[in-house]
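I opened the file to look up the ligand shells, the sheet, the helices packed on it and a few backbone angles. My entries follow in the order in which I made them.

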Amino acid sequence: MTKTVLVGAGAMGEAILAGLLKSGRPADSLVVVEKRAERAAELVAAHGVTVSDDLGVVAGAEQVLLAVKPQDIFAVLDEIAPSLAAGQTVISIAAGVTIASIEARVPAGVAVVRVMPNTPALVSEGISALSGGLAATGAQVAAAEELMSACGTVVVVPEKQMDAVTAVSGSGPAYVFYVIDAMVEAGVHLGLPRPTAHQLAVQTVLGSAVMARDTGTHPAVLREQVTSPAGTTAAALRQLDERGVRAAFLAALEACRDRSAELAGS
Ligand SMILES: NC(=O)C1=CN([C@@H]2O[C@H](COP(=O)(O)OP(=O)(O)OC[C@H]3O[C@@H](n4cnc5c(N)ncnc54)[C@H](OP(=O)(O)O)[C@@H]3O)[C@@H](O)[C@H]2O)C=CC1
Ligand SMILES: O=C(O)[C@@H]1CCC=N1
């Protein structure tokens, strides 16, 4: 029996697929559904997995992981519902889409688990927040946790926190890449060769994240440790404060949360 069927191997689906395979998950325990022949060939060549254009392959799978856009998920659910049966688990990573709206479209006894992953899953450094639905047993939620743990850290959260989670970690890598890109461009502006600016910016973000994680020290304290009296960092941070960067982050994450909530009805 195929253990897991992945429906949708776009940016996030392929990152999860790569994370699963990198963690040692056997390729023959996975089937990917992809309708476009050209994309299917790419996935076979890159990952050595079985790719089908038939959503009927979900029949009998232990887990069906839906990685399609929120705007497409209900059409996919309506198409696969006749092939699903009690005991299977549908895992959705669609932003905003609620567990109840999925449960309403699958047969009774099909477990639903909602997950918000992020793209660092590709390098097994992702973080996924996960909530189980009404029909999901402890064992089914644990199996979903195990699946996602191949892509990095997993935390279980109440579903009502999912829009906020999306604002912090689901969309979060985009903010970090934005910061890296801005630091590289600024470094080039200051006269550094682009490869040097890139290496300095990426390792600085990586080292800072590892330090925040491994020391457990509050980021404000870590920031103070960099900020010598009347020094260079204080001059830089003053510019960030004067230009409203902290307020911009709050507004950005609020907009993200609100868009996630809107997608519930997509
Ligand atoms: N990108 C991210 O960082 C994150 C995304 N998510 C969620 O993941 C989901 C996917 O997002 P993302 O990867 O960015 O989007 P993409 O558009 O990159 O991927 C969506 C994929 O779904 C495929 N698809 C659509 N309909 C079907 C179908 N009927 N059968 C099989 N495949 C289908 C598309 O194929 P085709 O191109 O051939 O139409 C495409 O490959 C969304 O719900 C999003 O909210 C969650 C967390 C993070
Ligand atoms: O931009 C999006 O809608 C998706 C959901 C979280 C990250 N990317």
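The notes below begin with the status of the model and then go through it topic by topic.

**Entry 1: status and annotation.** I note at the start that this is a predicted model. I looked up the UniProt record, an unreviewed entry, and it lists residues 6-96 as "domain: Pyrroline-5-carboxylate reductase catalytic N-terminal". I computed the composition of that span and got 37% helix and 19% strand. The C-alpha atoms at the two ends of residues 6-96 are 19 Å apart.

**Entry 2: the sheet.** In what order do the strands of the open sheet run? I read the order as β3-β2-β1-β4-β5-β6-β7-β8, eight strands with mixed pairing. β3 (50-52) and β8 (152-156) are the edge strands, each with pairing on one side only. From one strand to the next I get an average twist of 25°. I then picked out one pair, β5 (residues 89-92) and β6, which is parallel and has four bridges. Within this region S92 sits opposite R114 of β6.

**Entry 3: helices on the sheet.** I checked which strands helix α5 (residues 138-149) lies across, and found β1 (4-7), β4 (63-66), β5, β6, β7 and β8. The angle of α5 to β6 is about 35°. For α6 the strands crossed are β6 and β7, and its angle to β6 is about 40°.

**Entry 4: the buried side of α6.** Which residues of helix α6 (residues 162-170) are buried? I listed M162, D163, V165, T166, A167 and G170. I recall that an α-helix has 3.6 residues a turn, so residues three or four places apart point the same way. The buried residues of α6 pack against two strands and two helices, namely β6 (111-116), β7 (126-132), α7 (172-189) and α11 (245-263).

**Entry 5: ligand 1.** I found 26 residues around ligand 1, and the closest are G8, G10, M12, A94 and A95. Two helices, α1 (11-22) and α3 (70-80), each give at least two residues to this shell. Sorted by class, the shell of ligand 1 holds 14 nonpolar, six polar and six charged residues.

**Entry 6: ligand 2.** Which residues surround ligand 2? I found A95, T166, G170 and S171. This shell has one nonpolar residue, three polar ones and no charged ones. A95 is also among the closest residues to ligand 1, and T166 and G170 are among the buried residues of α6.

**Entry 7: positive phi.** I scanned the backbone angles next, bearing in mind that most residues other than glycine have a negative phi. S124 is not a glycine, yet its phi is positive, about 60°. S124 belongs to the loop between β6 and β7. I count S124 as partly exposed because it has 16 C-beta neighbours inside 10 Å. A230, another residue other than glycine, has a positive phi near 55°. I placed A230 in the loop between α9 (219-226) and α10 (232-242). A230 has 7 other C-beta atoms within 10 Å, so I log it as exposed.

**Entry 8: α10.** Is α10 largely in the open or largely buried? The number buried among its 11 residues is zero, so I note α10 as lying largely in the open. G244 follows α10 and has a positive phi near 75°.

Methods: Residues are numbered from 1 along each chain as its sequence is written. Chains are lettered from A and ligands numbered from 1 in the order in which they are written. This is a predicted model: local features need pLDDT of at least 70, side-chain atom pairs count only at pLDDT 80 or more; totals for chains, interfaces and linings use all residues. A residue is near a molecule or strand if its C-beta atom, placed from the backbone, lies within 6 Å of it. Ala, Val, Leu, Ile, Met, Phe, Trp, Tyr, Cys and Pro count as nonpolar, Asp, Glu, Lys and Arg as charged, and the others, Gly among them, as polar. UniProt positions are given in the numbering used here, feature names are shortened, and annotations may be inferred rather than shown by experiment. A residue is buried if 20 or more other C-beta atoms lie within 10 Å of its own, exposed if 12 or fewer, and partly exposed in between; C-beta atoms are placed from the backbone. Two residues are in contact if their C-beta atoms, placed from the backbone, lie within 7 Å. Two strands pair if DSSP finds at least two bridges between them. Axes are lines fitted to C-alpha atoms, for helices over the stretch in contact, and angles run from 0 to 180 degrees between N-to-C directions.
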